Amino acid sequence: MSESNEPPWWKGATVYQIYPRSFADSNGDGIGDLNGVRRHLDYLQRLGVDALWLSPIFRSPMADAGYDVSDYCDIDPLFGSLDDVDQLIAEAHARGIRVLLDFVPNHTSDEHPWFVESRRSRDNPRRDWYIWRDQPNNWRAALGAGSAWTCDESTRQYYLHLFLAKQPDLNWRNPEVVEAMHGVLRFWLDRGVDGFRIDVAHCIGKDPAFADDPRCQAGQPLSDFNDQPYSHEVLRGLRRLVDSYPGERVLVGEVNIRSTERVLQYYGAGDELHLAFNFTPLDVPWDPARFRACIGEIEHWLKPADAWPTWVLSNHDNIRHRSRYGGSEEAARAAAVLLLTLRGTPFIYQGDELGLEDAPISTDTRVDPGGRDGCRAPIPWLFEPPHGWEGAAPWLPFPPEADNRSAERQVGAASAMFTLYQRLLAARRTSPALQRGDFTELPSPPEVLAYRRALGDDRRLVCINFAARAQPFEQSGRWTIEVASDGVGEGDLYRGHLAASQALILRPTEP
């Protein structure tokens with residue numbers, strides 16, 4: 001735990017999500033790997049991020065892209081080895097970049113040795129490590145998997161899986177499971193990781209009565225709304241463990257319940273998650289009224305509870321925000337200003353800094369059982385095909401405009417999306433107000449969202465014009481344009497108007 005009065009690092013940090021399969025391939029097999037990530041650490045350092053989060057890299061049969069873990073304490077050969085991850089952590093730390101891993105506590109693979117043992121017989125010592133019943137209830141699984149129960153023919157009982165049948169749920173009420181999973185965290189904390197993103201943190205606890213649910217009867221998967229008290233007991237145990245390590249290690253929870261009031265409960269009394277993902281922006285179109293309501297809801301619930309928000313516009317499970325906004329680069333640029341100036345910790349999904357859209361996926365190129373391939377397309381590094389992916393063809397097709405959207409074409413180009421993200425991150429890094437300051441929404445025309453960030457003497461104004469036409473927006477005092485989403489006027493005095501689809505960060509003009 002921190003021994004100083006300084007705020008924890010994760011409050012002022014910007015986190016970059018890496019989907020390793022699609023980030024960079026170092027060995028020519030068409031699948032991204034850890035050495036590919038390591039070779040592009042200079043790129044991330046140049047971008048200006050403070051931490052990276054690696055989607056699952058553990059040993060897995062890959063029924064669900066690594067979220068079906070068969071060994072939590074080893075690296076899948078697709079991605080490399082333990083030596084490779086150790087080197088990646090060391091080289092990231094040398095550049096001032098922290099490393100978070102994706103921890104999957106709700107379920108394992110059906111090929112994990114624990115489950116192989118559990119299904120051998122009803123009296124196997126590991127039988128109770130998973131959830132078995134003589135008769136199923138009506139719970140539904142996610143990813144279109146149907147019933148959340150699968151009958152094991154050899155023992156004639158049903159096991160629970162809130163996701164695919166190849167992902168049986170662990171029984172966290174068994175103390176042996178708790179200790180084994182705590183051992184997994186210790187294994188990685190001892191190797192120097194700075195924290196974990198916890199997959200479906202709200203799913204760990206289950207209704208002990210196993211009662212039917214009318215929402216499942218209507219076809220909704222239980223993972224959409226599962227919210228049991230025991231999950232909080234599990235998270236408090238994980239938090240105590242993580243807090244016992246030096247260096248302010250962090251837990252970021254995926255609590256995919258579309259209710260901020262309920263998500264707040266997973267912060268506990270400051271003794272559960274450090275951060276919980278805020279998914280409401282993923283449901284919001286590029287509309288000022290909807291974003292105003294979304295931000296207001298987060299401030300209403302989290303600020304009085306002293307719970308630190310997170311902000312995310314894209315991730316590996318959802319359509320990229322530029323695609324959701326109709327392919328508009330202007331909207332994607334303004335959204336970058338929004339993401340990186342709200343009160344809370346922002347998460348950038350790989351490729352958003354290049355302005356990528358979802359790749360078109362056909363029935364022939366689809367891989368994911370949940371149909372989430374478009375946002376997982378490979379990152380184009382070089383202008384010329386195969387865009388830095390030498391050897392076997394990449395496992396998914398490239399996104400649109402892979403040549404002009406490549407890192408080679410954008411890094412160092414004054415008007416590029418990458419350069420906008422650089423400027424935003426530089427502004428954030430030098431402004432305590434943008435990192436940790438209070439948020440106050442300002443009166444504005446209906447098509448403008450404006451707010452002030454302030455901490456002590458440091459102040460910034462953020463003005464976002466959602467309209468495709470210029471908008472007057474006068475402000476008292478003298479302000480200088482620090483960052484403009486379109487790059488126009490940076491360093492000039494603010495003249496009281498916003499160009500079409502323009503977003504600005506304003507700083508007080510020096511005397």
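What follows is a chat between a student and a tutor about salt bridges, burial and strand pairing in a predicted model.

Tutor: Ground rules before we start: this is a predicted model, so local features need pLDDT of at least 70, side-chain atom pairs count only at pLDDT 80 or more, and totals for chains, interfaces and linings use all residues. Residues are numbered from 1 along each chain as its sequence is written, and side-chain values use heavy atoms, with hydrogens and water left out.

Student: Okay, why is the contact of Asp 42 with Arg 95 called a salt bridge?

Tutor: The term asks for a side-chain nitrogen of Lys or Arg within 4 Å of a carboxyl oxygen of Asp or Glu. The closest N and O atoms of Asp 42 and Arg 95 are 2.7 Å apart, so the pair falls within the 4 Å limit. The structure holds 40 salt bridges.

Student: What makes Asp 42 and Arg 95 a tie between separate parts?

Tutor: Asp 42 sits in helix α4 (residues 41–47) and Arg 95 in the loop between α5 (82–94) and β5, so the pair ties together parts that are 53 residues apart in sequence. Helices here are DSSP runs of H or I with at least four residues, strands are runs of E with at least two, and both are numbered from the N terminus.

Student: How do you know whether Asp 74 is buried or exposed?

Tutor: Buried means under 20% relative accessible area, exposed means over 50%, and partly exposed is in between, using a 1.4 Å probe and protein chains only. Asp 74 has 19%, so Asp 74 is buried. Arg 59, at 31%, counts as partly exposed. Their side chains meet in a salt bridge too, at 2.9 Å, N to O.

Student: And what do you call Lys 166 and Asp 110 on that scale?

Tutor: Lys 166, at 31%, is partly exposed, while Asp 110, at 12%, is buried. This pair links distant parts of the chain, 56 residues apart.

Student: Switching to the sheet, how do you know that β5 and β9 pair?

Tutor: Two strands pair if DSSP finds at least two bridges between them. Four bridges join β5 (residues 98–103) to β9 (residues 195–198), so the pair passes that minimum of two. One of the partnerships is Phe 103 with Ile 198 in β9.

Student: So what makes β11 and β12 edge strands?

Tutor: The open sheet has eight strands in the order β11-β10-β9-β5-β2-β1-β13-β12, with parallel pairing. β11 (275–276) and β12 (310–312) each pair on one side only, and that puts them at the edges.
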